[in-house]
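User: I am new to this structure and would like to understand the terms used to describe it. Please take me through the reasoning behind them.

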Amino acid sequence: MAELDSRRDRDHDHLQEDDTETNSLLVSSSSLTGGSGEMRMQVAGSPKSGSINAGDMPRDSNDKQAKRMLSNVEMFGLSCYWFGWSALMSPLFIAVIPQQIEILSEDKSKGSALGDTLIWGSVVAILVAPLAGSISDTSTHPWGRRKPFIATGLVIASFALLLMAIAPNLKMYACAFLLLSAANNVTMSPYTALVPDLVPQSQRGTVSSWLGVMSFLGTFTGGLVTFFFPSPVSDLIILGLIHAGSGLITMHFSRERPLVHRRADFSICQRLWSLFRPMFNHDFRVMFSTRFLMQMGILTVQEYMRFFLKDAIQDFTLFGYVVASSAQQAVCVMFVPMLIGGLGSACISGVYSDRTGKRKMVVYVSGGVMMVACVLFSLIRSYTLVMIAAFIFGCGFGAFSVIEWAMATDLLPNPEEYAKDMGIWSLALIMPQVVAGTVAGYILDYFNDLAPKIQLGYSMIFLVAVLFFGVGTYYVKKIQSVT
């Protein structure tokens, strides 16, 4: 008996030494993916204070990952990259790219030239987004599954922006934009997966509000840059620095525990098939279609706003005061009421949807508001009325941009493939760049040739946007698992 007690004491001491000497933590696969199961994976490293960490989250009674509630500082850090991305992309599409296309194309067929340029980058994005997400989901990099891709995308994007700044002709410019589009999607799919990775479902509406607010603040910041620095070269350099800096902040706050062991490697055929699998989920498919239609409307308005102000408005007088001397500045000034409306609706809609669970109602209202704004755009030729319509559009866009994030993360079909599925969902934002710019560009050129005095082409593309918003808003009702 004494010998047995002595052996038990030695075993106990041995276990204590093992616990002391290792920082490894074994968790079930579901604690990383939100799913169930008994398969175990090793997660290396120990948690650091002040950062969001997927590895130290408790488990609930249903054997699913019970993510801890995030603090405001953590939500700020997680959403910070969205600030930099919006500061870059919003003025890039609304002001910088149209201005450079107009210069490089010598103002000839600028509508179709803009559409053709956007196609090349969009095609690459369609290929890169789901593949980058799929590789990220199974990555065992020491930095974690998401951070290596975010860092790589930031570096390549910075280089691509420099090439766009110095491009001497339209072909070189299109190639640089192609590289930027690829880099953007190397970053975006893993980044968007951080929300379902780290945020509990009860906070996703609130986090989406943070993302919406940071998006509008970024857009406002980008607008200020393009207003005070009218040179496209200066714009691209400054916005590139903001974009890279915000990405580094998000990487700092979102420290991940790297996976030591990954799931069994897929064959090429299995990996390709996995890219199509989410579309067999009814709600995901409907959400994808809805986002595609809404993005078609948004891009139709966004990409041709500068041309609209330059060709159809021309006089940038607001309540009797001249507030801009060029279409470039007029677009930047127009950001102000749009952002005021967007910030207000973004702050309210996410918290409202978390508290009530009514996400569809927010989409219905926001879609209707954007439709009203587009009807006004199609009718008016006064800059004062344009500012009013921009405020109305911002109210609708702010609420919608928040809720579509929350709904997308709620409807991801496979918790083990968050980045890949978010990459596929992001195609609903990318594919319209191929279609919307081309279609709207040719509609603009065709109808402006028919009625150049009244600039009929702009009225037509805004009414086409109304159609996209109407169908997309109605289609939301077919989503079954979201109220």
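The exchange below sets values from this predicted model against the definitions that give them their names.

User: What makes up the chain in terms of helices and strands, and what percentage of its residues count as buried?

Analyst: The chain holds 16 helices and four strands. Of its 483 residues, 57% count as buried. About 20100 Å² of the chain is exposed, and carbon and sulfur atoms supply 66% of that area.

User: How do you know that the length of helix H10 agrees with its number of residues?

Analyst: Helix H10 covers residues 282-302, which is 21 residues, and at 1.5 Å a residue it should span 30 Å. Its end C-alpha atoms are 30 Å apart, so the two values agree.

User: Why is H10 called mostly covered?

Analyst: A residue is called buried when its relative accessible area is under 20%. In H10, 17 of the 21 residues are buried, hence the description.

User: What is found at the start of H10?

Analyst: A side-chain oxygen of Asn281 comes to within 3.3 Å of the backbone nitrogen of Asp283. Asp283 itself is part of helix H10.

User: Why is Asp283 said to have no salt bridge?

Analyst: A salt bridge requires a side-chain nitrogen of Lys or Arg within 4 Å of a carboxyl oxygen of Asp or Glu. For the buried Asp283, the nearest side chain of opposite charge is that of Lys360, at 7.4 Å. That distance does not meet the cut-off, so no salt bridge is assigned.

User: Which polar contacts does the side chain of Asp283 make with Gln480 and Ser481?

Analyst: The side chain of Asp283 reaches the backbone nitrogen of Gln480 at 2.9 Å. With the side chain of Ser481, the side chain of Asp283 makes a polar contact of 2.5 Å. Both values meet the requirement of N or O atoms within 3.5 Å, so both pairs carry that name.

User: What makes the pair Asp197 and Arg146 a salt bridge?

Analyst: Their side chains meet at 2.8 Å, N to O, and the cut-off is 4 Å, so the pair qualifies. Asp197 lies in helix H6 (residues 170-198), while Arg146 is in the loop between helix H4 (110-137) and helix H5 (147-166), so the pair ties together parts that are 51 residues apart in sequence.

User: Are Asp197 and Arg146 buried or exposed, and how do you know?

Analyst: Asp197 has 4% relative accessibility, so it counts as buried. Arg146, at 0%, counts as buried too.

User: Why is Lys310 called partly exposed?

Analyst: Lys310 has a relative accessible area of 31%, and the middle class runs from 20% to 50%, so it is called partly exposed. Lys310 forms a salt bridge with Asp311, with the closest N and O atoms 4.0 Å apart. Asp311, at 17% relative accessibility, counts as buried. Lys310 and Asp311 also belong to a network of salt bridges together with Glu102 and Arg306.

User: Why does Pro232 count as buried, and which residues does it touch?

Analyst: At 14% relative accessibility, Pro232 is under the 20% limit and therefore counts as buried. Pro232 lies in helix H8 (residues 232-253). Leaving aside residues up to four places away in sequence, Pro232 touches Val96, Gln99 and Gln100. Pro232 and Ile97 are 135 residues apart in sequence, with their C-alpha atoms 8.4 Å apart in space.

Note on methods: Residues numbered from 1 in each chain as written. Predicted model: local features only at pLDDT ≥ 70, side-chain atom pairs only at ≥ 80, totals over all residues. Heavy atoms only, no water. Helix = DSSP H or I, 4+ residues; strand = E, 2+ residues; numbered from the N terminus. Buried < 20%, exposed > 50% of the residue type's maximum accessible area, 1.4 Å probe, protein only. Areas by Shrake-Rupley, 256 points an atom, 1.4 Å probe, with all protein chains shown as cover. Expected span 1.5 Å × (residues − 1). Polar contact = N/O pair within 3.5 Å; in protein donor to acceptor, adjacent residues only side chain to side chain. Lys, Arg positive; Asp, Glu negative; His and termini not counted. Contact = heavy atoms within 4.5 Å.
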